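Hi,

Here is the structure I promised to pass on. Have a look at it first, and my notes follow underneath.

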Amino acid sequence: MDKFIIRGGRPLSGTVEVSGAKNASLALMPASLLARGVCRLSNTPALRDVKTMASLLASMGVYLTFNNHTVTIDTTGVHNQDAPYEHVKKMRASIYVLGPLVARYGHARVSLPGGCAWGPRPVDMHIEGIKKLGASIELKGGYILASARRLHGARIHFDVSSVGATGNVLMAAVLAKGTTVIENAAIEPEITSLARYLVSMGARINGAGTSTLEIEGVDELHPADAITIPDRIEAGTFLVAGALTGGNVSVEGVDPGHLTALLAKLEDAGCSLETGASSVTLHAPPELRPIDVTAAIYPGFPTDMQAQWTALMAVAKGTTVVTDTIYFDRFKHVPELIRLGADIEIKDNSAVIRGVAGLTGAKVMSTDLRASASLILAGLVAEGSTEVLRVYHIDRGYETIEVKLRALGADIERVAGEEF
Ligand code: UD1
């Protein structure tokens, strides 16, 4: 397992090119199962989670090649419809194969994901939605066994807006017979990009980007190509790094329209921002103001930026409350930030952060992807040396983060291959 050693205290400055969005790729790749032939997805990030999805698809007989961030996906040789526990336990988004498999092949056997570092994270809405489309579903031996001669259209109302359930049911509905309406659908940009990809494959979808999706099922889809949208969370993490270190950071290759909640909060905290068509430049203030955030569904403040915001507010002048309304227990980074000198208390689903004058380096442990990002950010501003252990979590969602940070002037190195 690798670790990062960070010597903090350097203001970051310069430009960073943002990679393609992990959460978009993890939907587009399995969507390719819906057609027979070769799809090409460019701007695919080289991430551990993308590799996990690739090996899951390969285990079904999909032939994939990667070249310069383009993944070519040939579904001609698919010979089984199994998503074994060995893959799903590594990454919950593996559940995305359920909808496409049952829609195109009439059956699927997909391991149930277990809990996750910050809570139970059920998949009941995925299952109920696909059942409503006419699949019979049995849960047996830790697996979802789904079958249907052909799915049919249905009206599906989600009580909670779910990115994964919307994506899964959408991918199933495009090949169902008749009309499906998904109400309270997720409107995250990654779902909109999935809908666009499906339309380019021949699907008939109205309402992409809104909370009501209307899908007219078609008999078959054809392969298509897509360009993966930029990763708004990676972009946001680098902007917070600039703000935290008192620096000047530009992120390029982004869609600022995907970042509105975060950008507004950064301005409230005292940062000045310049926004271009596909770039954002941040100039940090001499002193950060304490700004409360509540993580909520898009276009609200993203839960995937909650841990990074907590690290930022740890050194703001005053007290901040950071609340997560999506994942009530997503605070595993807090005890580690406290080890770096932060003053934070958890009350229900909120972190109450009393800003301190400075953090001090220490050994800290990554517990999940965004928690690791927050620890790296804190290490960048901590006095002395910070070791962030178990950085395989960060490799799930950030492409060579240490290389990108070094290009901005950070002192960070990866120490590989030892047992930490
Ligand atoms: C996706 C993102 C993740 C992000 C999250 C919220 C991917 C691969 N992951 O996760 O990075 O943090 O959106 O923006 O895109 N829920 C249920 N039953 C279900 C499904 C969800 O109760 O069947 C609940 C969840 O527990 C959670 C809420 O719905 O409280 C939203 O979760 P959801 O949007 O489904 O998150 P994911 O798709 O898992």
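Asparagine 43 sits in the loop between strand S3 (38-42) and helix H2 (48-59); helices here are DSSP runs of H or I with at least four residues, strands are runs of E with at least two, and both are numbered from the N terminus. Phi of asparagine 43 is near 60°, a positive value in a residue other than glycine. At 29% relative accessibility, asparagine 43 counts as partly exposed (buried is under 20% relative accessible area, exposed over 50%, partly exposed in between, with a 1.4 Å probe and protein chains only).

Before I go on, the small print: this is a predicted model, where local features need pLDDT of at least 70 and side-chain atom pairs count only at pLDDT 80 or more, while totals for chains, interfaces and linings use all residues. Residues are numbered from 1 along each chain as its sequence is written, and side-chain values use heavy atoms, with hydrogens and water left out.

Back to the backbone. Histidine 69 is not a glycine, yet has a positive phi of about 65°. You'll find histidine 69 in the loop between strand S4 (63-67) and strand S5 (70-74), and with a relative accessible area of 35% it is partly exposed. There is also a cis peptide bond, from tyrosine 298 to proline 299, with omega near 5°. Proline 299 belongs to the loop between strand S18 (293-295) and helix H10 (306-313).

Now the cavities. Searching the whole structure turns up two cavities of 30 Å³ or more. The recipe: on a 1 Å grid over the protein atoms alone, a cavity is a set of points where a 1.4 Å probe fits but cannot get out, and lining residues have an atom within 4 Å of a point. Grid points are joined across faces, edges and corners, and a volume is the space filled by probe spheres set on the points.

The largest cavity has a volume of about 80 Å³. Both partners of that cis bond, Tyr298 and Pro299, are in its lining, along with Arg232, Ile233, His258, Leu259, Thr260, Ala261, Leu262, Gly300, Pro302 and Met305. Helix H8 (232-244) and helix H9 (260-268) each supply at least two lining residues, and H9 gives the most, with three. By class, the lining of the largest cavity has eight nonpolar, three polar and one charged residues (Ala, Val, Leu, Ile, Met, Phe, Trp, Tyr, Cys and Pro count as nonpolar, Asp, Glu, Lys and Arg as charged, and the others, Gly among them, as polar).

The second largest cavity has a volume of about 40 Å³. Its lining is made up of Ala21, Lys22, Asn23, Glu190, Asp231, Arg232, Ile233 and Arg370. Helix H1 (22-31) and H8 are the elements that give two or more residues to this lining. The class split is two nonpolar, one polar and five charged.

H8 and H9 also pack on one another. Their axes come within 11 Å and cross at roughly 5° (axes are lines fitted to C-alpha atoms, for helices over the stretch in contact, and angles run from 0 to 180 degrees between N-to-C directions). That makes H8 roughly parallel to H9, the cut-off being an angle under 35 degrees. Gly236, Leu239, Val240 and Ala243 of H8 make the contact with Leu262, Leu263 and Leu266 of H9, where contact means heavy atoms within 4.5 Å. This contact has six nonpolar, one polar and no charged residues.

A second helix pair is H6 (residues 163-173) and H7 (residues 189-200), with axes that come within 10 Å and cross at roughly 10°. So H6 is roughly parallel to H7 as well. Here Val163, Thr166, Gly167, Leu170 and Met171 in H6 meet Ile191, Leu194, Ala195 and Leu198 in H7. Their classes come out as seven nonpolar, two polar and no charged.

Lastly, two strand residues. Threonine 386 is in strand S23 (residues 385-389) and counts as buried, at 0% relative accessibility. Not counting residues up to four places away in sequence, threonine 386 touches Phe4, Ile5, Ile6, Leu340, Gly361, Ala362, Val364 and Gly379. Histidine 107, in strand S7 (residues 107-111), is partly exposed at 38% relative accessibility. With the same sequence neighbours left out, histidine 107 touches Gln81, Leu101, Val102, Ala146 and Ser147.

Cheers

Technical notes:
On a 1 Å grid over the protein atoms alone, a cavity is a set of points where a 1.4 Å probe fits but cannot get out, and a pocket is an open set with protein on both sides within 12 Å along at least five of seven lines; lining residues have an atom within 4 Å of a point. Angles under 35 degrees count as roughly parallel, over 145 as roughly antiparallel, 65 to 115 as roughly perpendicular and the rest as oblique.
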